[in-house]
Amino acid sequence: MTAGVGVPICVECGTRRNPCRCRVVGPTIGFLAFAAAAVVEWPVGAVVYIFKHMKGRRIMGHPARVGSKVSRAVPI
């Protein structure tokens, strides 16, 4: 028996950014960008937080900003 790793599919319906009013590609790529940035930046932010609280918080919050920018950049 083998176990496969699935790719998360994110769907956003009700948007007026395209004719079909649903987005799949943008939110999915945004989530993958968020996950990739979080893997790197959260451990770094945690170490920086020990010495510089505000800088560490900014670093740990960066993946959320990256994910939303990527998601908004793709209209479908």
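# Chat about a predicted two-helix chain

Modeller: To start from the record, the unreviewed UniProt entry carries the annotation "transmembrane region" over residues 29-51. Positions from UniProt are in the numbering used here, feature names are shortened, and annotations may be inferred rather than shown by experiment.

Colleague: Thanks! What should I know about the model and the numbering?

Modeller: This is a predicted model, where local features need pLDDT of at least 70 and side-chain atom pairs count only at pLDDT 80 or more, while totals for chains, interfaces and linings use all residues. Residues are numbered from 1 along each chain as its sequence is written, and side-chain values use heavy atoms, with hydrogens and water left out.

Colleague: How much of 29-51 is helix, and how much is strand?

Modeller: That stretch is 100% helix and 0% strand, with its end C-alpha atoms 33 Å apart. Helices here are DSSP runs of H or I with at least four residues, strands are runs of E with at least two, and both are numbered from the N terminus.

Colleague: And what pattern does the chain follow along the sequence?

Modeller: Reading along, you get β-β-α-α, from two strands and two helices.

Colleague: Which aromatic pairs are there?

Modeller: There are two. Phe 31 and Phe 34 make a tilted one, 6.4 Å centre to centre with 40 degrees between the planes. To count as a pair, rings of Phe, Tyr or Trp (its six-membered ring) need centres within 6.5 Å; planes under 30 degrees apart are stacked, over 60 edge-to-face, and the rest tilted.

Colleague: Why are Phe 31 and Phe 34 about one helical turn apart?

Modeller: Because they are three residues apart in helix 1. The rings of Phe 34 and Trp 42 have centres 5.8 Å apart and planes at 80 degrees, so that pair is edge-to-face. Together, ring pairs link Phe 31, Phe 34 and Trp 42 into a cluster.

Colleague: Are those rings buried or exposed?

Modeller: Partly exposed: Phe 31 has 35% relative accessibility, Phe 34 has 25% and Trp 42 has 41%. Buried means under 20% relative accessible area, exposed means over 50%, and partly exposed is in between (1.4 Å probe, protein chains only).

Colleague: New topic: where is Ser 71, and what is it in contact with?

Modeller: Ser 71 lies in helix 2, residues 53-73, and is buried, at 14% relative accessible area. Leaving out neighbours within four places in sequence, Ser 71 is in contact with Arg 23, Gly 26, Pro 27 and Gly 30. Contact means heavy atoms within 4.5 Å.

Colleague: What does Val 74 touch?

Modeller: Val 74, in the segment after helix 2, touches Arg 23, Val 25 and Gly 26, not counting residues up to four places away in sequence. Val 74 and Val 25 are 49 residues apart in sequence, yet their C-alpha atoms are 7.1 Å apart. Val 74 is partly exposed at 21%, as is Val 25 at 36%.

Colleague: Where does Val 25 sit, and which nonpolar patch is it part of?

Modeller: Val 25 is in helix 1, residues 25-51. The surface patch consists of Ile 9, Val 11, Val 24, Val 25, Ile 29 and Ile 76, with about 510 Å² of accessible area together. Areas come from the Shrake-Rupley method with a 1.4 Å probe, and for residues only the protein chains shown count as cover. Patch members have over 30% relative accessible area and no salt bridge; nonpolar side chains (Val, Leu, Ile, Met, Phe, Trp, Tyr) are joined within 5 Å, like charges within 9 Å. A salt bridge puts a side-chain nitrogen of Lys or Arg within 4 Å of a carboxyl oxygen of Asp or Glu.
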